[in-house]
Amino acid sequence: MVSGGVGAARLLRGFHRSVDELTAIANVGDDMTLHGLQISPDLDTIVYTLADAVSSERGWGLEGETWKAMEMVTRYGGEDWFSLGDRDLGTHLFRTQRLSEGATLAEATAEIVRGWDLHLRLLPVSNDRLRTMVTIDQEGARSEISFQEYFVGRQHDVDVTAVRFDGASSARPAPGVLDAITAADRVVVAPSNPLVSIDPVLSVAGVRSTLAARRESVVGVSPIIAGAALKGPAARLMTEMGLECSAVGVARYYADFCGTMVIDTVDAALAADIEALGVRCIVTDTIMSEPGVLDSLCETLLH
Ligand code: FO1
């Protein structure tokens, strides 16, 4: 599964129980270094969610978290805009140490996955540096900031005029990424943010073309339902980037590599427009928080 954060993690959780060979190719454009620590939010959100340890109310970080370390940072006037829980810090400490010893992000991630005894292969799309950068426009003043400064620092409540993936021109796919895409029975594109979660993954050399080569067995789940995203800035960003903010807009955006789009029942009337794009359309319930939907959606995606 081509994965971003929360939406991808939820869907992966449905497959985690039923698919024996599950691989997630995850976005690393949200990654950042803070307090000297290497932080990989989308990787950690997937791990914590599949481990049933993720905070249910936040969708990220750990359940029952304490924030004693951050209290100390705040006391000293340090950077406390990005909340790092005490147990979550352990993950960043371990990853940072392993990377400093020369391990790749993929190796460190595999050790973290093993630490939670999960049955999935979690591959960062690249072991190389890749950072999503967002150009914002505040009363005419333009500046480029990091993804987390946009998403958390500004609560993604600011106009965006451009998105860029710093490092994309030299970032290589992590070992196994392209093979996993080619060898999989099915590739699912998670209902993640097309512009800042899926696009960074596609920006890594060879990923988009490898998906396009097997377009007929690539199926996407629309993250836009009735013109809106369930969570996060996907709808607003699509509009700001001049894309049609609908399941049709997503199908069109993915049409070169994604042969089938799964859309929610509320958008059933859009199926014909999607099929007119040369994209097969499946209409079903896709709101995974509804009881029974996750399992039925996974069934649909695998057949
Ligand atoms: N999101 C927030 O809105 N506020 C935070 O303080 C915050 C901290 C944080 C720490 C670790 C982590 O793995 C994720 C965290 N997130 C936070 C979520 C994160 O910004 C998003 O999960 C992704 O980067 C977007 O999918």
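What follows is a conversation about the pockets and the ligand of a predicted model.

Colleague: How do you know that the ligand sits in a pocket, and which pocket is it?

Modeller: A molecule counts as sitting in a pocket if more than half of its atoms lie within 2 Å of the grid points of that pocket, and the space taken by the ligand is the largest pocket. That pocket holds about 1000 Å³ of space, and among the 46 residues that line it, G5, V6, G7, F151 and K231 are the closest to its centre.

Colleague: What makes a residue part of the lining, and which helices supply at least two residues of it?

Modeller: A lining residue has an atom within 4 Å of a point of the pocket. For the largest pocket, at least two such residues come from each of helix 1 (6-18), helix 2 (41-50), helix 4 (86-100), helix 6 (147-153) and helix 8 (194-202), and helix 2 gives the most, with five residues.

Colleague: Why are residues of the shell said to surround the ligand, and which are the closest?

Modeller: A residue is near a molecule if one of its heavy atoms lies within 4 Å of it, and 13 residues surround the ligand, the closest being D30, P41, F82, S83 and Q148. Helix 2 and helix 6 each supply at least two residues of this shell, with helix 6 giving the most, four residues.

Colleague: Why is the pair formed by D30 and the ligand called a polar contact?

Modeller: The cut-off for a pair of N or O atoms is 3.5 Å, and a polar side-chain atom of D30 lies 3.0 Å from an oxygen atom of the ligand, so this pair qualifies as a polar contact. The same cut-off of 3.5 Å admits D42, with a polar side-chain atom 3.3 Å from an oxygen atom of the ligand, and W60, with a polar side-chain atom 3.4 Å from a nitrogen atom of the ligand. On its own the ligand has 530 Å² of accessible area, and the protein covers 90% of that.

Colleague: What makes a residue count as charged, and how many charged residues does the shell around the ligand have?

Modeller: Asp, Glu, Lys and Arg count as charged, and the shell has three charged residues beside eight nonpolar and two polar ones. The lining of the largest pocket has seven charged, 23 nonpolar and 16 polar residues.

Colleague: What lines the second largest pocket?

Modeller: The second largest pocket, with about 530 Å³ of space, is lined by 21 residues, of which E21, L22, T23, A184 and R186 are the closest to its centre. Helix 7 (177-183) is one of the elements that supply at least two residues of this lining, and the largest share, three residues, comes from helix 7.

How values were computed. Residues are numbered from 1 along each chain as its sequence is written. This is a predicted model: local features need pLDDT of at least 70, side-chain atom pairs count only at pLDDT 80 or more; totals for chains, interfaces and linings use all residues. Side-chain values use heavy atoms; hydrogens and water are left out. On a 1 Å grid over the protein atoms alone, a cavity is a set of points where a 1.4 Å probe fits but cannot get out, and a pocket is an open set with protein on both sides within 12 Å along at least five of seven lines; lining residues have an atom within 4 Å of a point. Grid points are joined across faces, edges and corners, and a volume is the space filled by probe spheres set on the points. A polar contact is a pair of N or O atoms within 3.5 Å; within protein, one must be able to donate a hydrogen and the other to accept it, and residues adjacent in sequence count only if both atoms are side-chain atoms. Accessible areas come from the Shrake-Rupley method with a 1.4 Å probe; for residues, only the protein chains shown count as cover.
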